[in-house]
There are 2 protein chains.
Amino acid sequence: MSESNKIKPRTLPGFMELLPNEQILFNKMKDTIKESYEESGFIPINTPIIEDANVLLAKAGGETEKQIYRFTKGENDLALRFDLTVPLAKYVTEYYDKLSFPFRRYQIGKVYRGEKPQRGRYREFYQCDIDIIGDGKLSIINDAEIPSIIYNTFKKLGFDDFTICINNRKIFNGFFKSLDLSDKSQDILRVIDKIDKIGKDKVKEELSKEVDNNSLEMIMKFLSIDGNNQEKINQLESLDVKDEIFQEGLNDLKLILKYIGDFGVPEQNIKLDLTIARGLDYYTGTVYETFLNKYRNMGSVCSGGRYDNLTEYYTNRKMPGVGISIGLSRLFFQLIDNNIISADNESISKVIILSMTDDYGYCANVASILRENGVKVQVNFEDQKLGKKFKYADNIKVEYAIIIGDDEVQNNKISLKNMKTGEQQIINIEEALKLLK
Amino acid sequence: MSESNKIKPRTLPGFMELLPNEQILFNKMKDTIKESYEESGFIPINTPIIEDANVLLAKAGGETEKQIYRFTKGENDLALRFDLTVPLAKYVTEYYDKLSFPFRRYQIGKVYRGEKPQRGRYREFYQCDIDIIGDGKLSIINDAEIPSIIYNTFKKLGFDDFTICINNRKIFNGFFKSLDLSDKSQDILRVIDKIDKIGKDKVKEELSKEVDNNSLEMIMKFLSIDGNNQEKINQLESLDVKDEIFQEGLNDLKLILKYIGDFGVPEQNIKLDLTIARGLDYYTGTVYETFLNKYRNMGSVCSGGRYDNLTEYYTNRKMPGVGISIGLSRLFFQLIDNNIISADNESISKVIILSMTDDYGYCANVASILRENGVKVQVNFEDQKLGKKFKYADNIKVEYAIIIGDDEVQNNKISLKNMKTGEQQIINIEEALKLLK
């Protein structure tokens with residue numbers, strides 16, 4: 001085949017494909033999240049990436065429909081999952097009789113959205129989800145446990161300076177209902193959302209076109225709520241809103257804030273933030289967003305909330321739930337891009353054996369003994385000069401190189417070189433084991 | 001929404017979807033394979049599931065073309081990967097300048113083939129691959145290391161009684177070339193492959209229609225080669241085949257058998273098996289198949305081999321390699337189906353905390369302390385009777401339940417129940433930690 005007949009290999013735009021050192025770091029983060037989820041007793045499920053399009057799109061519409069990868073194969077109308085929540089709804093309905101509720105599951109997997117590719121926005125990306133699904137009802141204390149799992153997970157990922165923002169949609173909804181403004185709430189929220197950009201006065205001016213003076217007064221009072229979590233609660237109470245939904249939301253928030261500390265979350269990592277509302281209509285109570293304080297511009301790195309009914313499109317059975325999701329691909333991109341993490345020195349192997357003898361058996365034996373003892377060992381038997389082999393060892397970032405030439409074989413020793421310090425010593429395999437384990 | 005408007009949730013036929021306890025076991029196996037691959041210094045890559053159809057199908061044809069999931073989105077002609085080898089070829093060509101060779105990678109991921117669904121045959125299934133790719137050339141010693149990785153992996157998976165069968169395609173090819181039968185080799189192999197079914201005499205009879213007497217004599221002599229590995233080598237040598245390819249294959253085999261033991265593989269787990277040829281034309285030298293001796297009917301559980309040129313459809317650069325693949329989804333199905341493994345008692349959590357008090361804070365605190373100490377803990381705060389909570393604990397197969405009622409809160413204690421023995425004791429949290437860690 002001549003070069004002209006070759007097909008140019010390429011990876012599609014919008015699809016993350018990492019170099020090995022980056023992949024090692026990515027996998028470490030993925031494993032850390034998995035460990036954290038399992039530590040809190042969540043069990044894994046792994047649903048197919050391809051589903052029946054009608055099942056997957058039962059509740060979708062608008063943007064989702066446009067973005068979805070949908071195609072036919074034979075007579076089947078198929079689609080790739082665009083999140084892990086719809087497959088969960090399918091799963092708990094399909095296997096209801098075989099599951100125990102509350103059903104606590106995690107799923108870490110790729111999802112697909114045919115968005116316009118942008119820097120850090122992928123068409124194939126990892127979501128790392130946990131959800132707790134109740135059968136008929138689900139205790140509000142679960143909403144206090146979830147932030148502790150966010151906290152533990154980000155701590156394990158190496159972060160300290162982050163804030164878990166918490167709110168309850170019922171507060172907003174009940175507040176607007178009490179002002180008889182439920183119909184206009186979407187418009188009002190849209191104005192309020194601009195507060196960081198245009199300032200409080202301009203928001204007030206715009207709102208004055210929408211609502212009467214009394215309501216405007218109340219909304220501005222609501223927007224000026226400030227202080228620490230307890231102070232905000234006090235101010236919410238002093239608004240004296242006569243609405244059941246509002247009071248429910250407020251009581252839920254108070255309960256969650258009360259117990260969140262018992263779950264091990266320090267006060268400085270939790271913030272009652274009345275401005276977060278979470279775009280998805282989907283959430284009906286508690287909502288969470290998580291920010292790295294020094295990198296607030298990255299947006300929320302872990303979001304979620306409480307929903308009344310996960311499975312309404314599949315069954316009349318009521319299944320409330322609460323959950324969160326970490327968009328790992330995007331998070332990883334942002335952390336690398338902002339130099340918050342670096343994959344430069346990532347490696348799988350601790351040691352590489354560089355064979356400089358034709359007695360491959362001795363080298364193989366050393367590799368075998370180290371591996372039996374749990375040391376990650378790579379071998380290099382290629383017919384290359386030592387310099388080239390050291391270059392290779394450098395490139396793959398191993399800590400140690402074991403050089404085995406004819407002398408080492410004859411004396412039943414190995415040469416162990418510390419790749420950082422350059423220090424090299426001739427020792428026997430037992431001594432090496434002690435050093436490397 | 002009334003029941004009649006509901007969409008019936010279903011998982012597509014041919015797509016494996018496991019219950020949580022099965023999923024836990026499946027994941028354990030997947031993690032074991034990953035650990036084993038990493039122990040031998042293989043590094044992870046994770047290529048997209050969706051690729052440019054033309055890139056993916058560069059070398060495909062026939063069955064592959066028919067089975068592939070191919071579709072368009074916008075202007076893009078897309079396809080789902082059907083194995084992990086073609087994406088590897090793409091990857092090493094695309095990132096050649098940034099990789100170090102020999103490039104040792106593993107990839108564990110789902111692949112897609114729209115086959116007719118059958119028991120234990122899936123349309124979406126996991127492959128667990130390792131490959132060592134050389135730049136221009138690759139030492140034959142790598143072919144001796146690969147069986148040691150198969151051996152270590154299946155040992156770690158809990159198997160002892162398995163055989164790694166090894167052969168070299170050059171032996172067959174050279175043998176037929178020396179008889180001037182290269183053109184007919186496919187037909188002859190097809191007859192030979194029936195030997196287990198129809199017997200040696202019938203094979204001889206059928207072959208007599210294809211080849212002359214001298215060749216028939218040689219082929220039957222070849223087929224009668226028997227004994228232990230060394231005896232087979234001796235008989236191959238005594239055939240005195242005057243063909244370079246044959247001698248190359250024989251020398252490679254001798255070398256591999258010589259060093260395989262140094263890599264820690266016991267003699268009884270390795271068998272030179274001249275009957276395995278591996279369907280894929282693709283392999284050009286060493287080939288491997290692995291059988292669980294008591295379940296030979298399951299077919300090979302880990303196969304692979306050496307190939308001359310991985311990337312020929314993408315570049316003129318020559319990239320020889322050697323690798324293996326474990327078809328984990330199928331293997332898992334077979335192991336469960338044959339009662340070789342059971343997922344009945346699989347669980348993530350070691351302990352469940354059953355709250356029988358309204359003082360949720362105390363329960364949350366106990367959970368938090370245990371989790372900090374690495375104990376996997378689930379909580380149950382639901383408003384349920386103790387009996388129902390114990391049933392739940394039974395279902396999720398935890399080892400211990402911690403019951404916390406008002407008495408325990410008051411005395412700063414917990415009730416710890418061993419779910420197997422039924423033994424229950426009231427102790428403090430420090431004592432519990434010692435027991436549970």
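**Exercise 1. The axis between the copies**

Which of the residues of chain B comes closest to the rotation axis? Determine also how chain B is related to chain A in this predicted model.

*Solution.* Begin with the superposition. A turn of 180 degrees, with a shift of 0.0 Å along the axis, lays chain B on chain A with an RMSD of 0.0 Å. The two copies are therefore related as by a two-fold rotation axis. Next, turn to the axis itself. Among the residues of chain B, Phe71(B) comes closest to the axis, its C-alpha lying at 3.1 Å. Finally, consider the surface used. Both copies employ the same surface, as 100% of the contact residues of chain B recur in chain A.

**Exercise 2. The contact between the chains**

State how many residues each chain gives to the contact, and describe the side belonging to chain B.

*Solution.* First, the counts: chain B supplies 83 residues and chain A supplies 84 residues. Second, the contributing element: on the side of chain B that touches chain A, the largest share comes from helix α14 (residues 360-372) of chain B, with eight residues. Third, the composition: this side of chain B holds 36 nonpolar, 24 polar and 23 charged residues.

**Exercise 3. The overall form of chain A**

Establish the domains of chain A and decide whether the chain is spread out or a compact globule.

*Solution.* Start with the division: domain 1 covers 20-47 + 84-337, and domain 2 covers 351-436. The C-alpha centres of these two domains of chain A are 51 Å apart. The secondary structure of chain A comprises 17 helices and 16 strands. Its radius of gyration is 28 Å, whereas the globule rule gives 22 Å for 437 residues; the value is well over that of the rule, so chain A is more spread out than a compact globule. Along the principal axes, the C-alpha atoms of chain A fill a box of roughly 95 × 55 × 50 Å.

**Exercise 4. The eight-stranded sheet**

Give the strand order of the open sheet of eight strands in chain A, and name the helix α13 contacts on it.

*Solution.* The order in chain A is β1-β5-β6-β11-β10-β9-β7-β8, with mixed pairing. At the edges stand β1 (43-44) and β8 (270-272) of chain A, each of which pairs on one side only. Within the sheet, strand β5 (residues 103-112) and strand β6 (residues 124-133) of chain A are antiparallel and share 10 bridges. Gly109(A) is placed opposite Gln127(A) of β6(A). Helix α13 (residues 328-337) of chain A packs on the sheet, where it touches β6 and β11 (321-327) of chain A. The direction of helix α13 makes about 40 degrees with that of β11(A).

**Exercise 5. The three-stranded sheet**

Describe the open sheet of three strands in chain A and explain why one side of each edge strand is left without a neighbour.

*Solution.* The strands of chain A follow the order β2-β4-β3, and their pairing is antiparallel. The edges are β2 (50-52) and β3 (70-73) of chain A; each has a single partner strand, so one side of each lacks a neighbour in the sheet. On average, neighbouring strands of this sheet are turned by 40 degrees against each other, direction ignored. Between β3(A) and strand β4 (residues 76-80) of chain A there are four bridges in the antiparallel sense. Arg70(A) has Ala79(A) of β4(A) as its bridge partner.

Notes. Residues numbered from 1 in each chain as written. Chains lettered and ligands numbered in written order. Predicted model: local features only at pLDDT ≥ 70, side-chain atom pairs only at ≥ 80, totals over all residues. Least-squares fit on C-alpha atoms with pLDDT ≥ 70 in both. Contact = placed C-beta atoms within 7 Å. Helix = DSSP H or I, 4+ residues; strand = E, 2+ residues; numbered from the N terminus. Nonpolar A, V, L, I, M, F, W, Y, C, P; charged D, E, K, R; others polar. Pairing = 2+ DSSP bridges. Axes fitted to C-alpha atoms, helices over the stretch in contact; angles between N-to-C directions. Domains from an automatic or database assignment. Rg over C-alpha atoms; globule rule 2.2 N^0.38 Å.
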